[in-house]
Amino acid sequence: MKDYKLFVGTVCPYCKKVENFMKEENIELEIVDINENRDAMLELIDKGGKRQVPCLYHDGVYLYESEDIIKFLKENK
């Protein structure tokens with residue numbers, strides 16, 4: 001998928017929900033764990049405005065909330 005990036009956390013159940021949906025739908029995009037990548041965490045805070053995960057970056061937009069991310073991915077795969 002285009003230039004998309006999914007920010008996740010190591011033990012976040014909502015992140016796992018999005019990742020499981022992506023696996024079921026064979027959706028592949030870059031996944032970045034902010035607990036393992038400090039630069040990604042700082043990018044999320046600086047550009048997205050908060051440290052909340054999951055967060056899908058797409059087309060210059062930071063989209064939060066697992067249900068909103070899943071809905072977006074369904075409509076744009």
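In what follows, two residues are in contact when heavy atoms of theirs lie within 4.5 Å. The structure is a predicted model.

**Exercise 1. Determine where serine 66 lies, whether it is buried or exposed, and which residues it touches beyond its sequence neighbours.**

Solution.
Step 1. Serine 66 belongs to helix α3, which covers residues 66–75.
Step 2. The relative accessible area of serine 66 is 6%. A residue is buried under 20%, so serine 66 is buried.
Step 3. Neighbours within four places in sequence are set aside; serine 66 is then in contact with Tyr14, Lys17, Val18 and Pro54.

**Exercise 2. State how many helices and strands the protein has and in what order they run, then assess its overall form.**

Solution.
Step 1. The count is three helices and four strands.
Step 2. Read from the N terminus, the order is β-α-β-α-β-β-α.
Step 3. The radius of gyration is 11 Å, close to the 11 Å that the globule rule gives for 77 residues; the protein is therefore as compact as a globular protein of that length.
Step 4. Along the principal axes, the C-alpha atoms fill a box of roughly 30 × 25 × 20 Å.
Step 5. Of the 77 residues, 42% are buried.
Step 6. Consider the contacts between residues at least 6 apart in sequence: 57% of them join residues at least 24 apart.

**Exercise 3. Describe the surface of the protein and the placing of its charges.**

Solution.
Step 1. The exposed area is about 4900 Å², and carbon and sulfur atoms supply 45% of it.
Step 2. The protein has 12 positive and 16 negative charges.
Step 3. The mean position of the positive charges and that of the negative charges are 2 Å apart.

**Exercise 4. Classify the aromatic pairs that involve tyrosine 62, and say which residues form a cluster.**

Solution.
Step 1. A search of the whole structure gives three aromatic pairs.
Step 2. In one of them, the ring centres of phenylalanine 7 and tyrosine 62 are 6.2 Å apart and the planes meet at 35 degrees, so this pair is tilted.
Step 3. This pair links distant parts of the chain, since phenylalanine 7 is in strand β1 (residues 5–8) and tyrosine 62 is in strand β4 (residues 61–64), 55 residues apart.
Step 4. Tyrosine 57 and tyrosine 62 also form a tilted pair, with 4.8 Å from centre to centre and 50 degrees between the planes.
Step 5. Ring pairs thus link Phe7, Tyr57 and Tyr62 into a cluster.
Step 6. Phenylalanine 7 and tyrosine 62 are both buried; for tyrosine 62 the relative accessible area is 15%.

**Exercise 5. Identify what is unusual in the backbone at proline 54, asparagine 26 and glutamate 65.**

Solution.
Step 1. The general expectation is that most residues other than glycine have a negative phi and that most peptide bonds are trans.
Step 2. Valine 53 and proline 54 are joined by a cis peptide bond, with omega about 0 degrees. Proline 54 is in the loop between α2 (38–48) and β3 (55–58), and is one of the residues in contact with serine 66.
Step 3. Asparagine 26 is not a glycine, yet its phi is positive, near 55 degrees. Asparagine 26 lies in the loop between α1 (13–24) and β2 (30–33). At 68% relative accessibility, asparagine 26 counts as exposed.
Step 4. Glutamate 65 likewise has a positive phi, of about 80 degrees. Its place is the loop between β4 and α3. With a relative accessible area of 44%, glutamate 65 is partly exposed.

Key
Residues numbered from 1 in each chain as written. Predicted model: local features only at pLDDT ≥ 70, side-chain atom pairs only at ≥ 80, totals over all residues. Heavy atoms only, no water. Helix = DSSP H or I, 4+ residues; strand = E, 2+ residues; numbered from the N terminus. Rg over C-alpha atoms; globule rule 2.2 N^0.38 Å. Buried < 20%, exposed > 50% of the residue type's maximum accessible area, 1.4 Å probe, protein only. Areas by Shrake-Rupley, 256 points an atom, 1.4 Å probe, with all protein chains shown as cover. Lys, Arg positive; Asp, Glu negative; His and termini not counted. Charge placed at Lys NZ, Arg CZ, Asp CG, Glu CD. Phe/Tyr/Trp six-rings, centres within 6.5 Å; stacked < 30°, edge-to-face > 60°.
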